[in-house]
Every structure is written in structure tokens, then in C-alpha cells.
Amino acid sequence: MSDAPPAGPPDRMPEIRVTVMAADANPYGTAFVGWLFGQMALAGGSLASRLTGKRAPVVAADDFKFTAPAAIGDELSVWAEVARQGNTSMTVATQAWKRDRHGEAVAKVAEGNFVFVGMER
């Protein structure tokens with residue numbers, strides 16, 4: 001088994017897709033890591049809520065790697081999949097990829113895991 005990075009993003013629809021705007025960026029023109037982290041949490045939470053049918057707040061996050069900057073205008077797509085499921089909690093693995101605003105070039109921006117807990121409304 002190889003540890004080589006994937007050639008591209010997953011071959012399915014992402015949980016969310018957004019454009020990096022100036023308000024989301026630092027003075028260097030790239031997305032704030034906190035904004036990116038938040039987008040990844042939204043994607044994971046969307047999946048967790050859909051699968052549990054409940055509110056699913058984040059209770060933990062770990063194993064994050066930020067591998068490339070996302071510039072203003074880049075399209076950010078976030079994929080999420082269940083990594084582990086317990087009785088009341090779910091670990092969701094997320095990965096964020098950017099696509100260049102004026103082309104088809106893609107790069108993985110970040111990956112990490114969120115733990116969500118299903119709660120009655």
C-alpha cells in the first residue's frame with residue numbers, strides 16, 4: 001500500500017463548495033486557516049446531521065494538516081466521510097481541495113477529523 005497523495009479530489013459530489021472571498025482572507029490574499037477550518041466543520045456537520053437526523057455539534061477535532069494556501073477567488077470544495085461511529089458520536093474525516101479560479105488546476109488544501117455528537121433538538 002502506498003502513502004502517495006491522491007491524484008485528485010474524491011470522485012463524488014462534495015458536501016459543500018464555496019468561493020474564497022476577500023473577507024475570508026488575510027493580508028497576503030489567502031484564506032484564513034480559521035475560516036478554512038470552519039468550512040470543513042460545516043461540511044462534516046452537514047454529513048453527521050444528515051446521517052443521524054439530529055443536531056450534531058463538534059466536540060473535538062484532530063489530525064489536521066494544512067498543505068496549500070487557497071487564494072481569493074479559488075473555489076473550495078470539502079468532502080466528508082464517516083471514519084468511525086459509536087453509540088452517540090461520529091468521527092468524520094474531511095478533506096478540502098481548491099480549484100484555481102481561472103483554470104482547472106486543483107490542490108489539496110487541508111485534511112483532518114472532527115468528532116460530532118448527535119443531540120436531540
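Strands are DSSP runs of E, at least two residues long, numbered from the N terminus. On that basis, Phe66 lies in strand β2, residues 58-66. The model shown in every view is predicted.

**View A. Phe66 in a nonpolar surface patch.** Phe66 belongs to strand β2. Its relative accessibility is 39%. Phe66 therefore counts as partly exposed, the class between under 20% and over 50%. Val33 and Phe37 join Phe66 in a nonpolar patch on the surface. Together the three residues have about 250 Å² of accessible area.

**View B. The largest nonpolar core.** This core has 22 residues. Leu36, Met40, Leu76, Val78, Ala96 and Val109 touch the most other members. Four elements give two or more residues each: α1 (33-52), β3 (75-85), β4 (89-99) and β5 (106-117). The largest share comes from α1, with 7 residues.

**View C. Contacts of Ala96.** Ala96 is one of the core residues that touch the most other members. Residues up to four places away in sequence are not counted here. Ala96 touches Leu36, Met40, Leu76, Ser77 and Val78. Ala107, Lys108, Val109 and Ala110 are also among its contacts.

**View D. Asn113 in strand β5.** Asn113 sits in strand β5. Its relative accessible area is 17%. The cut-off for buried is under 20%, so Asn113 is buried. Contacts up to four places away in sequence are again left out. Asn113 touches Ala60, Ala61, Asp62, Asp63 and Phe64. Thr91, Val92 and Ala93 also touch Asn113.

Conventions: Residues are numbered from 1 along each chain as its sequence is written. This is a predicted model: local features need pLDDT of at least 70, side-chain atom pairs count only at pLDDT 80 or more; totals for chains, interfaces and linings use all residues. Side-chain values use heavy atoms; hydrogens and water are left out. A nonpolar core is a set of buried Ala, Val, Leu, Ile, Met, Phe, Trp, Tyr and Cys residues joined through side-chain atoms within 4.5 Å. Buried means under 20% relative accessible area, exposed over 50%, partly exposed in between (1.4 Å probe, protein chains only). Contact means heavy atoms within 4.5 Å. Patches are made of residues with over 30% relative accessible area and no salt bridge: like charges are joined within 9 Å, nonpolar side chains (Val, Leu, Ile, Met, Phe, Trp, Tyr) within 5 Å. Accessible areas come from the Shrake-Rupley method with a 1.4 Å probe; for residues, only the protein chains shown count as cover. A salt bridge is a side-chain nitrogen of Lys or Arg within 4 Å of a carboxyl oxygen of Asp or Glu.
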